[in-house]
Amino acid sequence: MLVNGKNHHTIWVHPDNKEIIQVIDQRKIPFEFEVVGLKTPEETFDAIKNMTVRGAPLIGITGAYGIYLGLVNDQSKDWKANLVDTADYLKSARPTAVNLALIIDELVSILGICETWKEACQLAFETSNFMKLREIEWSEAIGNFGCGLIEEVSIRKNGEPVNILTHCNAGWLACIDWGTAIAPMYKAFHKGIPIHVWVDETRPRNQGARLTAWELAQEGVPHTVIPDNTGGHLMQHGMVDLCIVGSDRTTLSGDVANKIGTYLKALAAFDNKIPFYVALPSSSIDFTMNDGITEIPIEQRDREEVSWMEGLDENGQLAKVKIMPDVSPVANYGFDVTPARYVTGLITERGICSASREGILKLFPEVR
Ligand code: MRU
């Protein structure tokens with residue numbers, strides 16, 4: 001999608017050195033646009049852990065390139081054994097987004113056919129590039145299927161703007177291009193369908209206020225940033241027609257893990273009879289899990305993310321300010337689980353289905 005009018009992906013191979021993987025440092029957006037070069041699995045691990053890169057699909061693809069970097073940096077005869085260790089190491093960077101483990105396991109199993117280190121490096125490079133393009137295709141397909149939902153509401157509203165609420169950032173910054181939850185909004189906007197997006201700020205890291213608002217502004221999509229506790233009030237007053245959010249891990253029964261606060265939006269939507277859709281590629285579906293609340297690992301992150309706030313100070317410098325007493329304990333859960341019963345439907349790369357085993361298996365019969 002557009003950055004200052006120029007098309008951009010979130011991750012790409014350095015044009016002059018294919019042993020450097022470049023990513024946008026999302027910790028600096030919207031105040032700075034900085035590109036970071038990853039050269040080792042350790043740098044890849046850190047970039048995922050410290051959220052230089054974040055968002056389930058992007059975390060997965062970054063993990064794949066981390067495997068490739070692990071191989072190119074390992075000319076030892078034990079490269080096959082080291083490959084397994086590197087995979088376990090990278091998968092441990094963050095626990096909730098299933099993409100990281102799914103994509104890495106898929107790549108490692110593909111590399112099982114390689115006899116030589118050279119073969120493995122080349123195949124890891126080619127497969128990571130393929131997986132990146134595959135995620136873009138899936139995101140665009142999600143965009144097209146979801147655009148149909150927005151169009152239906154637009155027709156019902158005789159072309160009045162369709163008000164869509166979203167939480168966190170499930171745009172192209174969280175993927176490679178297009179996004180998941182935001183992709184239908186881009187498709188509708190570019191199709192000339194009037195839309196307006198309510199953007200939850202999404203404490204404590206403000207992925208909504210910082211990342212979603214920035215990418216929507218770059219594309220010119222009308223939007224309004226709101227404090228996280230505002231959505232319910234807007235729904236009660238008929239100011240929300242549709243909710244679309246992303247997912248870090250959705251179980252086979254349709255339970256959805258996403259950024260903390262998503263569950264509360266689903267409850268408010270349910271109480272106000274507002275359709276609540278979850279947009280996700282199949283790389284975010286955990287076909288081995290059922291009960292999301294008891295089975296999905298929920299990341300807990302540092303207290304500093306809650307006790308400090310980052311932004312531009314009056315001199316326009318990036319600064320951090322403390323917003324609470326040091327003596328007070330903090331609990332910082334990164335995600336929550338929305339039970340399937342509160343999800344109107346799942347928007348996937350293969351179409352829209354109910355958030356249920358039957359619905360998911362209808363679109364993905366091969367996992368039966
Ligand atoms: O902690 P983050 O920023 O990685 O959390 C991201 C989200 O919760 C997204 O909604 C989710 O990963 C879907 S991204 C398409």
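Let's start with Cys-168, which counts as buried at 6% relative accessibility. Keep in mind that this is a predicted model. You'll find Cys-168 in the loop between strand E6, residues 162-166, and helix H6, residues 183-190. What catches my eye there is the backbone: phi of Cys-168 is near 65°, a positive value in a residue that isn't glycine. For background, most residues other than glycine have a negative phi.

There's another one like that to look at, Lys-273. Phi of Lys-273 is near 55°, again positive in a residue other than glycine. Lys-273 is in a loop too, between helix H9, residues 262-271, and strand E12, residues 276-279. So is Lys-273 buried or exposed? Lys-273 is exposed, with a relative accessible area of 73%, and the cut-off for that word is over 50%. Cys-168, at 6%, falls on the buried side, where the limit is under 20%.

While we're on backbone oddities, let's do the prolines. As a general point, most peptide bonds are trans. Here, though, the bond from Ile-29 to Pro-30 is cis, with omega near 5°. Pro-30 lies in the loop between strand E4 (21-24) and strand E5 (35-38). Arg-203 and Pro-204 are also joined by a cis peptide bond, with omega about 0°. For Pro-204, go to the loop that runs between strand E7 (195-200) and helix H7 (207-219).

That brings us to E7 itself, and I'd like to show you a couple of its residues. His-196 is in E7, and at 13% relative accessibility His-196 counts as buried. What does His-196 touch, leaving out residues up to four places away in sequence? On one side of the list you have Val-162, Asn-163 and Ile-164, and then Pro-222, His-223 and Thr-224. If you want a distance to go with that, His-196 and Gly-238 are 42 residues apart in sequence and 14 Å apart in space, C-alpha to C-alpha.

Trp-198 is in E7 as well. Trp-198 is buried, with a relative accessible area of 11%. Its contacts beyond four places in sequence include Asn-163, Ile-164, Leu-165 and Thr-166, along with Thr-224 and Ile-226. Leu-234, Met-239 and Val-240 are in contact with Trp-198 too. Take Ile-226 from that list: Trp-198 and Ile-226 are 28 residues apart in sequence, yet their C-alphas are 6.7 Å apart.

Now jump to the start of the chain. Val-3 is in strand E1, residues 2-3, and counts as buried at 5% relative accessibility. Which residues does Val-3 contact once we set aside neighbours within four places in sequence? They are His-8, Phe-33, Trp-172, Trp-214 and Gln-218. Val-3 and Glu-219 are separated by 216 residues in sequence, and by 8.2 Å in space, C-alpha to C-alpha.

Okay, helices. H2 covers residues 56-72, so to speak: 17 residues, reaching 25 Å from the first C-alpha to the last, close to the 24 Å expected at 1.5 Å a residue. H2 is mostly covered, with 17 of its 17 residues buried. H2 packs with helix H4, residues 99-111, at an angle of about 35°, and their axes are 7 Å apart. The crossing of H2 and H4 is right-handed. From H2, the residues meeting H4 include Ile-59, Gly-60, Gly-63, Ala-64, Ile-67 and Leu-71. From H4, they include Leu-100, Ile-103, Ile-104, Leu-107 and Leu-111. By class, the contact of H2 with H4 has 12 nonpolar, three polar and no charged residues. If the numbering pattern puzzles you, an α-helix has 3.6 residues a turn, so residues three or four places apart point the same way.

Last topic, the interior. The largest nonpolar core has 74 residues, and Leu-111, Ile-150, Ile-195 and Ile-244 touch the most other members. Which helix gives the largest share of this core? That's H5, residues 117-156, with 12 residues. Ile-150 makes a good place to click: beyond four places in sequence, Ile-150 is in contact with Val-162, Ile-164, Pro-184, Met-185 and Ala-188. Also on the Ile-150 list are Ile-193, Ile-195, Leu-242 and Ile-244. Apart from that core lies another, of 28 residues, among them Met-235, Val-240, Cys-243 and Ala-268. And Val-240, you'll remember, is one of the residues in contact with Trp-198.

Key:
Residues are numbered from 1 along each chain as its sequence is written. This is a predicted model: local features need pLDDT of at least 70, side-chain atom pairs count only at pLDDT 80 or more; totals for chains, interfaces and linings use all residues. Side-chain values use heavy atoms; hydrogens and water are left out. Helices (H or I, at least four residues) and strands (E, at least two) are DSSP runs, numbered from the N terminus. The expected span of a helix is 1.5 Å times one less than its number of residues. Buried means under 20% relative accessible area, exposed over 50%, partly exposed in between (1.4 Å probe, protein chains only). Axes are lines fitted to C-alpha atoms, for helices over the stretch in contact, and angles run from 0 to 180 degrees between N-to-C directions. A crossing is left-handed if the near helix is turned anticlockwise from the far one by less than a right angle, and right-handed if clockwise. Contact means heavy atoms within 4.5 Å. Ala, Val, Leu, Ile, Met, Phe, Trp, Tyr, Cys and Pro count as nonpolar, Asp, Glu, Lys and Arg as charged, and the others, Gly among them, as polar. A nonpolar core is a set of buried Ala, Val, Leu, Ile, Met, Phe, Trp, Tyr and Cys residues joined through side-chain atoms within 4.5 Å.
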